[in-house]
Amino acid sequence: MTDAAATAPKPKKALNAARSFWLKQLHQWHWISAAVSLIGLMLFAVTGITLNHAASIPGQVSTVETAGTLPPPLLERLSTFPQETTDPAPDYVARWASDHFKVSIAGRPTETTPEEVYIALTEPGGDGWLTIDRATGEASRERTTRGPIAYLNDLHKGRNAGKVWFWFIDVFAAACIVFAVTGFALTWMHAKQRPSTWPLLGLGLLIPVIIALIFIH
């Protein structure tokens, strides 16, 4: 026997080394993705239940109205704002609204007519608006909220939650995919020692398919 043949790794040993490497990698990615997505996964699971039973969960509707008057110098400057546009309100109007109503309208589109400037102020779990009469400067702010459950439900849907939350949902979904794929790979690698693995996985696929085919019309 040559020295090369004597020192060559046995096929079984090489396979065990490869298996050990992939198990280590999969476990690492599995727990990292689990840690990153855990809280979000719990939030989306709970709000999945609350959304499914939204009709039977009473809302906590609260409406608050406040009024004010745009100062004459600002009202005069507002006369130069286009008569009909969807452009955001001028910066000086946005600063006044922030000081008086404690609301940010900067950059928000308006529904401007010769009579008024209207800004929709939607938010998770509620909505509202701000109007400014272009003749008198009278301003009205209304805000309606529907309670914490509605707020969380809207976060689940990404409704009126802004760009940052929009991208968070994508990153969170990617982490969940990594978590699921690495979990499946680990399950597959341990399947020989766990005879119930494939029947349970098949059941997890079969149940929703049967429900969809038979009960969803």
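In this predicted model, the buried residues of helix α2 pack against two other helices, α5 (147-157) and α6 (162-189). Those buried positions are Leu 23, Leu 26, His 30, Ser 33, Ser 37, Gly 40, Phe 44, Thr 47 and Thr 50. Helix α2 itself runs over residues 11-52, and it isn't straight: a straight helix of 42 residues would span 62 Å, yet the end C-alpha atoms of α2 are only 53 Å apart. A kink of about 50° sits in α2, with its centre on Ser 37. Ser 37 also turns up among the buried residues of the helix.

Stepping back to the whole chain, the protein has seven helices and five strands. Following the sequence, they come in the pattern α-α-β-α-α-β-β-β-β-α-α-α. The radius of gyration is 29 Å, well over the 17 Å that the globule rule gives for 217 residues, so the protein is more spread out than a compact globule. Along the principal axes, the C-alpha trace covers about 100 × 50 × 25 Å. Buried residues make up 29% of the 217. The accessible surface adds up to about 14800 Å², and carbon and sulfur atoms account for 66% of that. As for contacts between residues at least 6 apart in sequence, 57% of them join residues at least 24 apart.

Next come the charged side chains. Side chains of opposite charge can pair when their charged atoms come close. Here the count is four salt bridges. One of them joins Glu 123 to Arg 143, with 2.8 Å between the closest N and O atoms. Glu 123 is in the loop between β3 (116-120) and β4 (126-133), while Arg 143 belongs to strand β5 (residues 138-145), so this pair ties together parts 20 residues apart in sequence. Glu 123 counts as buried because its relative accessibility is 17%, whereas Arg 143, at 38%, counts as partly exposed.

Asp 154, Lys 157 and Arg 159 are linked in a salt-bridge network. Asp 154 meets Lys 157 at 3.6 Å, N to O, and meets Arg 159 at 2.8 Å, again N to O. Lys 157 and Asp 154 are three residues apart in helix α5, so about one helical turn separates them. An α-helix has 3.6 residues a turn, so residues three or four places apart point the same way. Asp 154 has a relative accessibility of 7% and therefore counts as buried, while Arg 159, at 32%, is partly exposed.

Methods. Residues numbered from 1 in each chain as written. Predicted model: local features only at pLDDT ≥ 70, side-chain atom pairs only at ≥ 80, totals over all residues. Heavy atoms only, no water. Helix = DSSP H or I, 4+ residues; strand = E, 2+ residues; numbered from the N terminus. Expected span 1.5 Å × (residues − 1). Bend = angle between axes of the 7 residues up to and from the residue. Buried < 20%, exposed > 50% of the residue type's maximum accessible area, 1.4 Å probe, protein only. Contact = heavy atoms within 4.5 Å. Rg over C-alpha atoms; globule rule 2.2 N^0.38 Å. Areas by Shrake-Rupley, 256 points an atom, 1.4 Å probe, with all protein chains shown as cover. Salt bridge = Lys/Arg side-chain N within 4 Å of Asp/Glu carboxyl O.
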